[in-house]
Amino acid sequence: ICFDGSSTDLNSILFCDGCNAAMHQSCYGVHEIPDGDFFCERCKGIQNAAALSQYIPFDIDNSRHAVMCCLCPLQHGGIKPTTDGRWVHVCCAIWAKDSIITNLTDMAPIDVTNIKTQTVIDTTLTIKKNNQNAAIAAFHNNPNFGKINDTYPSKIPCIFCKISGGALRRCACETASCNVTFHPLCA
């Protein structure tokens with residue numbers, strides 16, 4: 001979440017026993033280190049979806065796509081629930097100027113309803129990247145991303161993942177001709 005690798009006794013870095021994501025206790029809202037296994041909110045969400053699969057269709061083989069950030073195409077990391085039933089990386093929420101972390105002790109839920117996002121506009125784009133292909137393809141093919149609220153003023157894709165969707169940041173260089181946009185976690 002904060003990308004600081006230092007750890008203290010009062011703010012340890014925890015590793016999720018489901019996905020191995022690393023996060024500080026305070027950054028992720030974990031008050032006490034649990035005895036036994038620690039599962040992040042994303043892994044708990046996937047476990048809950050699998051447990052409900054007898055009532056709601058759930059493909060366990062595609063479970064990594066069950067809980068994804070609504071502001072970027074990356075699936076791994078410190079994801080928390082939003083106030084409107086979606087999921088968001090805490091880092092993405094921090095970088096989005098109109099997000100509200102409603103409980104700073106628990107770092108959730110996060111209100112992202114006022115964030116200007118652009119919908120995915122190119123679902124046929126083939127990304128020729130290394131290990132992020134599956135995550136990016138899932139972002140394009142996931143029907144939930146067609147439900148993003150507003151339309152961002154531009155249709156310029158992220159310079160890293162080439163996806164025109166989610167919450168993109170613009171370069172702050174103040175050059176009128178600069179069209180550099182990016183997802184915070186891609187950068």
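**Exercise 1.** Does Met-107 count as buried or exposed, and what is its relative accessibility?

*Solution.* The model under study is a predicted one.
Step 1. The relative accessibility of Met-107 is 10%.
Step 2. A residue is called buried when this value is under 20%.
Step 3. Met-107 therefore counts as buried, given its 10% relative accessibility.
Step 4. Its position can be added: Met-107 belongs to the loop between S5 and S6. The backbone of Met-107 has a positive phi of about 60°, although Met-107 is not a glycine.

**Exercise 2.** Locate Lys-162 and classify its exposure.

*Solution.*
Step 1. Lys-162 is placed in the loop between helix H4 (133-141) and strand S7 (169-170).
Step 2. Phi of Lys-162 is positive, near 65°, in a residue other than glycine.
Step 3. Values between the limits of 20% and 50% give the class "partly exposed". Because its relative accessibility is 42%, Lys-162 counts as partly exposed.

**Exercise 3.** Which two residues does the cis peptide bond join, and what is its omega?

*Solution.*
Step 1. The bond links Ala-108 to Pro-109, with omega at about -10°.
Step 2. Pro-109 lies in the loop between strand S5 (100-101) and strand S6 (110-111).

**Exercise 4.** Describe the surroundings of His-31.

*Solution.*
Step 1. Along the chain, His-31 is in the loop between helix H1 (25-28) and helix H2 (41-51).
Step 2. Leaving aside residues up to four places away in sequence, His-31 touches Gln-25, Thr-105 and Asp-106.
Step 3. With Asp-106 there is a polar contact between the two side chains, at 2.6 Å.
Step 4. Leu-10 is 21 residues from His-31 in sequence, and the C-alpha atoms of the two are 9.6 Å apart in space.

**Exercise 5.** How many salt bridges does the structure hold, and which side chains meet there?

*Solution.*
Step 1. The structure holds one salt bridge.
Step 2. Its partners are the side chains of Asp-84 and Arg-86, with an N to O distance of 3.0 Å.
Step 3. Asp-84 counts as partly exposed because its relative accessibility is 34%. Arg-86, at 19%, counts as buried.
Step 4. Another charged side chain is found over a ring: the charged end of Lys-80 sits 4.2 Å from the centre of the ring of Tyr-28.

**Exercise 6.** Describe the nonpolar cores of the protein.

*Solution.*
Step 1. A general tendency serves as background: in soluble globular proteins, nonpolar side chains tend to be buried together.
Step 2. The largest nonpolar core here has 28 residues, and those with the most contacts inside it are Tyr-28, Leu-71 and Val-88.
Step 3. Two or more residues of this core come from each of H1 and helix H3 (90-95). H3 gives the largest share, three residues.
Step 4. A second, separate core has six residues, among them Cys-158, Cys-161, Ile-163 and Cys-186.
Step 5. Val-88 may be examined in more detail. Not counting residues up to four places away in sequence, its contacts include Cys-69, Leu-71, Ile-79, Ala-93, Ile-110 and Val-112.

**Exercise 7.** Summarise the overall architecture.

*Solution.*
Step 1. The protein has four helices and eight strands.
Step 2. Along the sequence they follow the pattern β-β-α-α-β-β-α-β-β-α-β-β.
Step 3. Of its 187 residues, 42% count as buried.
Step 4. Consider contacts between residues at least 6 apart in sequence: 48% of these join residues at least 24 apart.

Key. Residues numbered from 1 in each chain as written. Predicted model: local features only at pLDDT ≥ 70, side-chain atom pairs only at ≥ 80, totals over all residues. Heavy atoms only, no water. Lys NZ or Arg CZ within 6 Å of the ring centre and 35° of its normal. Contact = heavy atoms within 4.5 Å. Polar contact = N/O pair within 3.5 Å; in protein donor to acceptor, adjacent residues only side chain to side chain. Salt bridge = Lys/Arg side-chain N within 4 Å of Asp/Glu carboxyl O. Buried < 20%, exposed > 50% of the residue type's maximum accessible area, 1.4 Å probe, protein only. Core = buried A, V, L, I, M, F, W, Y, C linked by side-chain atoms within 4.5 Å.
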